[in-house]
2 protein chains.
Amino acid sequence: MTPDTSLEKTSQSTDGGDDCPLRWFDADLGAFESLERLIAEHPADFFAGKSFEPVGACHTREAVFASVELPETPTSPQAHADHLLHDVFRHVMPVASPTFVGHMTSSLPSFMPSLAKVVAALNQNVVKLETSGALTGLERQVVGMLHKLVFSQDSAFYGKWLHDADHALGAICSGGTVANLTALWASRNKLLGARDGFAGIHRAGMVAALRHYGYDGLAIVVSERGHYSLGKAADVLGIGRDNLVPVEVDSEGRMRIDLLRDTMRDLQQRNIRPMAIVGIAGTTETGSVDPLDAIADIAQEAGCHFHVDAAWGGATLLSERERWRFAGIERADSVVIDAHKQFYVPMGAGMVLFRSPAWTQEIIQHANYIVRKGSVDLGRHTLEGSRGAAAVMLYANLHLLGRKGLAQLIDRSIDNAHYFASLIAQQPDFELVSHPQLCLLTYRYLPETVRAALATASEDKREKILDALDTLTISIQEMQRDAGRSFVSRTQLTSTQFAGRPIAVFRVVLANPDTTHAILQDILDEQRMLAAASPCMAALMALVEASGRLQR
Amino acid sequence: MTPDTSLEKTSQSTDGGDDCPLRWFDADLGAFESLERLIAEHPADFFAGKSFEPVGACHTREAVFASVELPETPTSPQAHADHLLHDVFRHVMPVASPTFVGHMTSSLPSFMPSLAKVVAALNQNVVKLETSGALTGLERQVVGMLHKLVFSQDSAFYGKWLHDADHALGAICSGGTVANLTALWASRNKLLGARDGFAGIHRAGMVAALRHYGYDGLAIVVSERGHYSLGKAADVLGIGRDNLVPVEVDSEGRMRIDLLRDTMRDLQQRNIRPMAIVGIAGTTETGSVDPLDAIADIAQEAGCHFHVDAAWGGATLLSERERWRFAGIERADSVVIDAHKQFYVPMGAGMVLFRSPAWTQEIIQHANYIVRKGSVDLGRHTLEGSRGAAAVMLYANLHLLGRKGLAQLIDRSIDNAHYFASLIAQQPDFELVSHPQLCLLTYRYLPETVRAALATASEDKREKILDALDTLTISIQEMQRDAGRSFVSRTQLTSTQFAGRPIAVFRVVLANPDTTHAILQDILDEQRMLAAASPCMAALMALVEASGRLQR
């Protein structure tokens with residue numbers, strides 16, 4: 001098995017026949033070009049086509065994807081392109097369709113697929129200058145632009161830090177989860193850094209760090225509506241999910257500042273160090289924006305990291321009309337924004353921004369063959385290593401749409417949400433559950449008889465009716481999804497009306513600029529029809545009737 | 001500032017003029033189609049073109065990317081496409097060029113950019129079925145195929161687990177760093193899981209976990225050639241970088257099993273629990289493969305997680321000829337493989353595989369609006385949240401190249417490395433530093449006079465000569481990089497010849513199937529010429545001459 005290193009033995013034959021793998025590096029592209037024309041030029045047309053069949057109707061298609069045998073020999077490009085079209089792409093979810101208003105990803109600017117093709121062909125790795133060239137500078141600039149949007153530092157600040165090799169103003173990463181984790185990682189490492197002979201948590205680990213600093217534990221404080229990625233971060237960072245402390249929200253889904261104060265006091269009494277308070281600028285479920293300025297005050301008093309999860313809402317800062325909702329975000333130590341949400345960039349591109357470049361010193365690293373000390377390599381300041389050039393897509397949108405264009409998309413989405421909220425409020429058989437702050441809202445189907453019964457029923461009966469109502473909501477949502485014409489998502493919220501009881505609701509995200517008022521009217525009509533057709537409706541009505549009889 | 005919710009106020013005008021952002025969702029694509037033709041159809045031709053100027057010659061181009069002002073109004077597609085071409089894409093690194101043999105990413109199959117365009121247009125988010133449809137099943141199948149390649153379980157195993165909602169055989173993620181972190185996160189959580197009234201580290205955190213289990217600390221054991229992402233993982237997970245315990249390598253760059261035994265004994269005596277032993281299947285610096293079977297024995301004896309970082313080498317399992325090097329990998333608890341390396345998929349796509357689906361139970365999670373309990377949503381078992389459909393690219397390569405085609409690429413790359421090693425060994429003025437096991441090797445420029453002087457010089461003189469030699473190596477590498485015709489990377493290795501002294505070396509990765517023998521010959525010729533032209537050469541020669549005079 002010793003390798004034969006003689007030159008003769010290993011001489012090359014680069015022009016093989018059918019067996020030569022090289023030919024696949026220069027295959028006939030006709031089949032794939034057809035796919036491009038059919039799908040990538042007008043995705044919405046593809047989704048609206050007759051042959052398109054979203055997965056609601058066919059679930060995971062396990063039978064198609066059942067084999068674990070590697071294909072031994074090559075499939076022809078035409079055969080594989082046909083397979084991809086018929087068995088895969090025809091059965092994805094039409095997230096770009098204007099009738100699919102339940103997702104945070106919607107349609108993209110028309111030039112995006114072209115740009116993605118070019119970026120894939122260049123195949124740059126932005127972890128280091130050596131494999132990314134000019135893209136290193138470009139990414140730093142994009143991060144700087146977003147930093148300025150959030151923190152509005154002066155030109156001296158950006159002149160000094162934008163291209164400083166040993167610091168970064170933030171990083172682009174695969175999504176909000178990695179971005180939140182990066183911010184909280186830096187926060188943890190700064191709080192428990194090297195000091196008084198202690199090597200720092202990054203070297204010595206959590207146990208030694210808490211012993212040195214004399215804390216019994218760490219906590220991350222966030223509203224009960226915090227994204228589930230924060231629980232993951234608490235787990236991964238060794239803090240523990242039980243130490244992600246939830247604070248109740250008010251009727252608008254915003255963190256209650258009085259309860260935050262109570263929480264901070266309680267933690268202090270238990271010698272648990274609050275490592276970070278997280279404000280949410282656009283909750284995933286209702287789009288609520290926490291009172292960031294008030295949270296900043298409390299974080300400042302406590303000498304605690306103030307992190308803002310603006311993964312969804314961050315792009316709203318572009319809108320002169322709506323920016324006021326985020327007052328206080330400029331006081332955050334770190335902010336997370338997703339580019340693949342309201343910046344209309346393809347999956348997956350998130351971003352973490354640090355107000356002070358000093359934060360990235362807490363997570364800096366190097367290696368001999370990469371991200372060397374003193375280099376401008378982006379990988380010195382990131383949780384991820386090798387990464388693609390998602391920054392180019394964000395850069396293109398910032399230029400081709402401009403701040404004004406993006407702001408119009410934001411404003412229009414919020415207008416659409418207000419329109420839909422009004423429309424729901426006018427229906428006798430629907431209930432608006434959360435008013436839109438951004439372009440999200442929640443509601444449910446609630447016929448007048450049920451509403452009346454809930455108001456008068458005994459507690460026991462009311463519980464049963466609420467259970468049946470939840471079942472109906474879930475049933476309508478699933479029937480609509482499976483019909484495949486439109487899509488509304490659902491979630492569970494704690495009801496302020498019924499003493500914190502969880503209730504199932506429809507959830508709508510109005511980010512697609514092609515979603516019209518007529519589409520929104522149709523969605524309610526369809527839900528009303530599905531409700532009537534649902535077997536859960538009869539069960540609910542029987543309960544309501546029984547409750548009514550008892551009242552009489 | 002109260003939102004106006006009247007229907008009249010928010011009525012839409014979708015057909016705006018120049019100001020309407022919608023037009024950018026349907027912009028004229030001519031400019032971007034030109035970019036596609038120029039770059040994406042034949043990237044190697046684009047890189048070989050006269051106007052192409054790799055960044056070596058112009059560094060980070062900070063002046064181009066200096067402004068942090070957001071563009072206020074839209075730029076025209078033509079103007080932006082021109083800017084991207086002239087200021088960005090012409091100055092990236094030509095990683096697909098066959099003369100650039102220093103990177104782990106090289107060229108891609110010709111259909112890849114087309115497929116990337118389609119995937120971007122579909123813009124699916126594989127975190128959940130609702131936003132990915134058939135791609136959920138496809139990703140599970142791809143993970144299963146790779147799982148079988150590594151672990152070769154029987155059909156009953158895959159029949160049971162491949163599409164099981166509550167388990168996963170692994171996950172696709174943004175790259176090897178996240179993949180390694182995911183594996184070690186699961187390992188940590190399993191070791192310190194819920195037991196005897198303890199809630200588990202995932203809920204209670206590191207301090208409570210070590211207290212409950214009675215350990216003074218945790219350690220991750222890996223060879224000194226471990227990838228820098230493992231240090232990051234030790235930091236993030238709260239274990240601490242100092243507890244990533246390095247084991248010295250033998251002259252072939254493989255972990256020394258005798259020293260591993262010593263390390264394990266030492267940790268036990270200090271009541272430090274070895275959480276995982278990491279074997280490397282293809283080190284980043286020399287492509288060395290650790291003795292995986294022997295490591296598996298020790299991990300088994302110690303009841304310790306055995307993780308294999310095969311980010312680079314994993315694809316070698318496809319080669320019937322070379323697979324023997326990885327004997328023992330099938331005994332690993334977890335394995336990491338990068339798809340964007342020798343699976344020839346665009347950046348960034350990594351993968352973690354767990355031998356037993358039980359491992360993913362350690363990191364499972366859910367939320368109300370996503371990844372619900374019982375759902376098949378992929379996001380229940382991943383560190384990342386929202387993700388793109390990189391699995392499609394890997395799926396296409398597995399089909400269009402087939403196992404045989406990919407294996408030919410692997411074999412050919414290793415043949416090329418053996419050819420280059422022989423070529424270097426035949427040169428009087430070069431020294432092969434590490435023999436290729438996979439398609440990586442390291443070497444340096446070492447004229448005969450310097451070689452002779454090193455053999456006879458006093459220790460003090462030898463140190464000085466070695467320093468000057470390192471400086472020359474770095475100088476040649478940087479001059480070659482800046483000239484922009486070809487690229488070889490460099491790293492620093494501990495020399496076995498000079499008692500563990502670090503030495504600078506050239507590092508070559510021969511993964512591009514278009515790299516010919518003639519190109520490799522040219523690379524040595526160019527380096528020889530650059531050495532002669534380097535100012536560091538004169539300094540080295542003066543030292544050698546002085547040393548010679550002393551000898552006489």
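**Domain contact in chain A, and a leucine in chain B**

A: Domain 1 of chain A and domain 2 of chain A bury about 2100 Å² between them, with 57% of that on carbon and sulfur atoms; buried area here is the accessible area (1.4 Å probe) that two parts lose on being put together, summed over both. This is a predicted model, where local features need pLDDT of at least 70, side-chain atom pairs count only at pLDDT 80 or more, and totals for chains, interfaces and linings use all residues. Side-chain values use heavy atoms, leaving out hydrogens and water, residues are numbered from 1 along each chain as its sequence is written, and chains are lettered from A in the order in which they are written.

Q: Which residues in domain 1 of chain A lose the most area to domain 2 of chain A?
A: Glu285(A), Thr286(A) and Tyr344(A), together 27% of what that side buries.

Q: How many salt bridges cross that interface?
A: The rule finds one, counting a side-chain nitrogen of Lys or Arg within 4 Å of a carboxyl oxygen of Asp or Glu. Arg321(A) pairs with Asp415(A), and their closest N and O atoms are 2.9 Å apart.

Q: Switching chains: is Leu540(B) buried or exposed?
A: Buried, at a relative accessible area of 0% (buried means under 20%, exposed over 50%, partly exposed in between, with a 1.4 Å probe and protein chains only).

Q: What is Leu540(B) in contact with, leaving aside neighbours within four places in sequence?
A: Val450(B), Ile465(B), Ala468(B), Leu469(B) and Leu472(B), where contact means heavy atoms within 4.5 Å. Leu472(B) is 68 residues from Leu540(B) in sequence, but 7.7 Å away in space, C-alpha to C-alpha.
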